[in-house]
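Okay, thanks everyone for coming. Let me put the structure up on the screen, and then I'll walk you through a few parts of it.

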Amino acid sequence: MLRNYLKIAFRNLRKNRTYALINVTGLALGLGGALLIFALVRYHFAIDTHHRHYDRTYRIVSKYFTPDGDFHTPGVPYPFGKAVRNDHPDVEQLAMIDQWEEPMVSVPVANGPDKKFKVTESMGAFVEPSYFRIFDYDWIAGGPTDMSQPNTVVISGGNAQKYFGRTDNVVGKVLKINGRINARIVGVFRDYRDNTDFAYSVMPSYATLKEYRGGRSDDDFGSTNSSSQCFVLLNDQFTAADWDRQMLAFIKKYNPENIKKKRFPIQPLRDIHFSTDYGGVSKSLIVSLFIIGIFLIVTASINFVNLATAQALTRSREVGVRKVMGSTQGQLFVQFMGETALITLTATVIALGLFQVGQSLVQQYMHGAFKFTFYFDASVIGWLVLLVLGVIGLSGVYPALVLSGFKPVMALAGKITARQVGGFSVRRGLVVAQFAISQILIIGMIVVASQLRFMQEKELGFRKNAILTIQLPNVDKQDLAKMSTFRNLATGIPDVSKFSYSMSGAPQSGWVSQSTIKYDTRPEAEKFEPHRKGIDANYLDLYGIKLVAGRNLYPSDTVREVLVNETFVRKLGLRNPAEVLGKILHTNGNTRHPEIVGVMKDFNQVTLQDAIAPLFMTTQASNYYSANLQLRTGNFQRVISQLEKQYNQVYPDAYFTYQFVDAQIERSYQEEQTMGKLVNFFAGIAVLIGCLGLYGLVLFMATQKTKEIGVRKVLGASVGSILWLFGREFARLIAVAFVLAAPLAWYVMNEWLQGFEYKITLGPGIFGIALVATVLVAALTVSFQSVKAALTNPVKSLRSE
């Protein structure tokens, strides 16, 4: 019986090749796109779930209450772990770590210079040995046993291969941390796949951190660095609720001056990946993509229903004959569901091929939250089977019920009407749903593209073209003599027109340091904490930052004078920038209190997602970590090669790292750019699937209106009036879909834009463009069949009835 069903299904599909091709194409595109999205969603929800103690692991973070809103950081003060151990011995495990961005290490070579290694966009961390009792690692050689000692390190197998060309016999060898601190390798662990937020490839012992920080004390409970983080493993003896209950008493004991404005919330490991306040991925974004995946499946299934019911009239006699010969409605239902299954399985095979291609494209072109790797396991087969069965049911049940429900007498007499095969009410609703989904995605595509263009073109308040930043060695205090030597060498290159040192590179570097201040003779500290940047006297000229009052800083190696921005003046409650000139600024940690000598025009310090913050800038040469160079138009690569040679001459133990400011700013919007690509891609798929659905509907209409068109042409109707017969129907459907789609698209995209302080306005033009685009696509789709029907000889049309 099953073999007979399959044979008949195959013959019917071969007979109706166009019908089969459209359905297979639509389902393959929908399934392929949905599989990519579902794999992305699965990847994000599986992050760090492989750890044995996943459900008992937490991170303690910091939260500050400010007049401008809450400020969050994953960091805690350096003495935090010691204090928690002292007060709460019931905590099962506690591990302090200090993250190390873009770790630079060197391998000593017996008869030559050290081999230096640095990988951008990678991460290392100084960790306590208890870190390895909280998180699971697979050890290739050695282990973390000696990580309680200073000058020890564990590395990944990938790094061992890179440094030494092998993963065995490397335990006991020495690396130089940051090119200056010797560390003995005590363990090699297997590389983590990208299924963790803590993929540290080089991990020196936490006891080495003090030497790395230049011997600075770690007893300051008043300052917080986002890299210094605390993880705990809890049990029934001390729970997260216990921590929350005693938190205020803990702050009162160790940091009483901040009791009103500071908290230490505790985060479950399962929440860290989706915690946007602390640099995590937006869960709503991932859920939105999941909904788009559902939309793709639904639109593809709608196509199938439309085409299957459109074909029903041509198969009515077949059903009548089968019923007369003894077939039951149940048997016919199974037969038609078998055809649906055959089409769906064929589409699934093609979709899996598209999925593999999509995976490679994701690795090449996606960034941030949208870049993922698909890992196969047994559960994937189960989910795929459920998805395929769901698509078969969604696509096949309704057409199968319609076809198997024909009455044999009416079917054989050819009296089955359009209403009996689904009519326009159901089909109109399905096509409206398709149009609405397509229009939502098109509107989203236009909004994302417009916002990206706005961010790229907006005046930021500083110069960004042809400016290069070079990272100085990451040391506690810079060597001023070496800085002077490098400046002289660099400015001796003809293509270098200007040179400046600063603490954090470009004005919009993304690096933030905040400080408590007191203004002039006011007795109390200000309620706001301004951003602080260290710059030299050439910085404003190099970046083209304008002054609205006062003068620039005089050259100095220490804190003597400060510049503030316009927002700083407004936060003080003053209107005239000149009012702050000559006033004294009292800052945290400085015995010398500098004078305000100038007010800068506001510029964006972070990204356009954030408002311009109050800012002061001052000279402090020992804390400069970036060299800024403006280049003349010419061969940039030649200049960079010359700079690298001179840099290595001055800093032989450091690693030459550079970036162009305009490229750096563009990278800060990578996630938005990637989102734009994804929205464009899935909007294109949805529109293409929608076009296939339209084709199915116009095919149905052409079949249904064959006699009507013939009569109209005999009575003198023009081709234009016949075309309008088709166009009027679709115009109504597009209008209804637009009325449904526009408010929903406005709400979704308006919510997305709220994440930007500086953004476009959702005006009627955006929605008008989406509507026009939909009309044009629909017109092109229906034109072939509608023109063909309008040009058909009326004699043939009437004879066909």
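Let's start with one residue: Phe221 is buried, with a relative accessible area of 8%. Before I go on, keep in mind that this is a predicted model.

So which ring sits with Phe221 as a stacked pair? That's Tyr254: the two ring centres are 5.4 Å apart and the planes are at 20 degrees, so the pair counts as stacked. Phe221 is in the loop between helix H6 (209-212) and E13, while Tyr254 belongs to helix H7, so the pair ties together parts that are 33 residues apart in sequence. Tyr254 itself is partly exposed, at 22% relative accessibility; the cut-off for buried is under 20%.

Here's another pair, from further along the chain. Phe636 and Phe660 make a tilted aromatic pair, 5.3 Å centre to centre with 35 degrees between the planes. Phe636 is in helix H18 (residues 636-650) and Phe660 in strand E26 (residues 658-660), so this pair links parts that are 24 residues apart in sequence. Phe636 comes out partly exposed at 29% relative accessibility, whereas Phe660 counts as buried at 18%. Over the whole structure, a search finds 49 aromatic pairs. There's also an aromatic cluster whose members include Tyr131, Trp139, Phe189 and Phe231.

Okay, back to helix H7, where we found Tyr254. H7 covers residues 240-254, so to speak 15 residues, and reaches 20 Å from its first C-alpha to its last, close to the 21 Å expected. Where is the kink in H7 centred? On Gln246, and the kink is about 50 degrees. Gln246 is also one of the buried residues of H7, along with Ala240, Trp243, Met247, Phe250 and Ile251. And what do the buried residues of H7 pack against? E1, helix H3 (80-87), E14 and strand E15 (266-268).

Now for strand E13, the one that follows the Phe221 loop. Is E13 buried or exposed? In E13, residues 228-233, 6 of the 6 residues are buried, so the strand is largely enclosed by the rest of the structure. Ser228, Cys230 and Val232 point one way, Gln229, Phe231 and Leu233 the other way, and all of them are buried. Phe231, by the way, is the residue we just met in the aromatic cluster.

E13 has neighbours, too. Strand E1 (residues 57-60) runs antiparallel to E13 and is joined to it by 4 bridges, with Ile60 partnered by Cys230. Strand E4 (residues 93-101) also pairs with E13 in the antiparallel sense, over 6 bridges, and there Ile97 has Gln229 as its bridge partner.

Strand E9 (residues 152-156) is a similar story: 5 of its 5 residues are buried. Thr152, Val154 and Ser156 are on one side, Val153 and Ile155 on the other, and both faces are covered. E9 runs parallel to strand E11 (residues 181-189), with 5 bridges between them, and Ile155 is partnered by Val188. With strand E12 (residues 202-204) the pairing is antiparallel, over 3 bridges, and Val153 stands opposite Pro204.

Next, a small side trip to a hairpin. E2 and E3 form it, with 2 residues between them. Strand E2 (residues 62-66) and strand E3 (residues 69-73) pair antiparallel over 5 bridges, and Ser62 has Thr73 as its partner. Add E14 and you get an open sheet of 3 strands in the order E3-E2-E14. E3 and strand E14 (262-263) are at the edges with a single partner strand each, so one side of each has no neighbour in the sheet. E2 and E14 are joined by 2 bridges, and Tyr64 is partnered by Lys262.

Last stop: the largest nonpolar core. How many residues does it have? 59, and Val447 and Tyr543 are the ones with the most contacts inside it. Elements that each supply at least two residues include helix H14 (423-457), strand E23 (595-600) and helix H20 (670-704). H14 gives the largest share, 12 residues. As for Tyr543, among the residues it touches are Phe462, Ile467, Pro507 and Val661. In general, nonpolar side chains tend to be buried together in soluble globular proteins.

That's my tour, thanks for listening.

Key. Residues are numbered from 1 along each chain as its sequence is written. This is a predicted model: local features need pLDDT of at least 70, side-chain atom pairs count only at pLDDT 80 or more; totals for chains, interfaces and linings use all residues. Side-chain values use heavy atoms; hydrogens and water are left out. Buried means under 20% relative accessible area, exposed over 50%, partly exposed in between (1.4 Å probe, protein chains only). Two strands pair if DSSP finds at least two bridges between them. A nonpolar core is a set of buried Ala, Val, Leu, Ile, Met, Phe, Trp, Tyr and Cys residues joined through side-chain atoms within 4.5 Å. Contact means heavy atoms within 4.5 Å. The expected span of a helix is 1.5 Å times one less than its number of residues. The bend at a residue is the angle between axes fitted to the seven residues ending there and the seven starting there. Rings of Phe, Tyr and Trp (its six-membered ring) pair if their centres lie within 6.5 Å; planes under 30 degrees apart count as stacked, over 60 as edge-to-face and the rest as tilted. Lists of a residue's contacts leave out its neighbours within four places in sequence.
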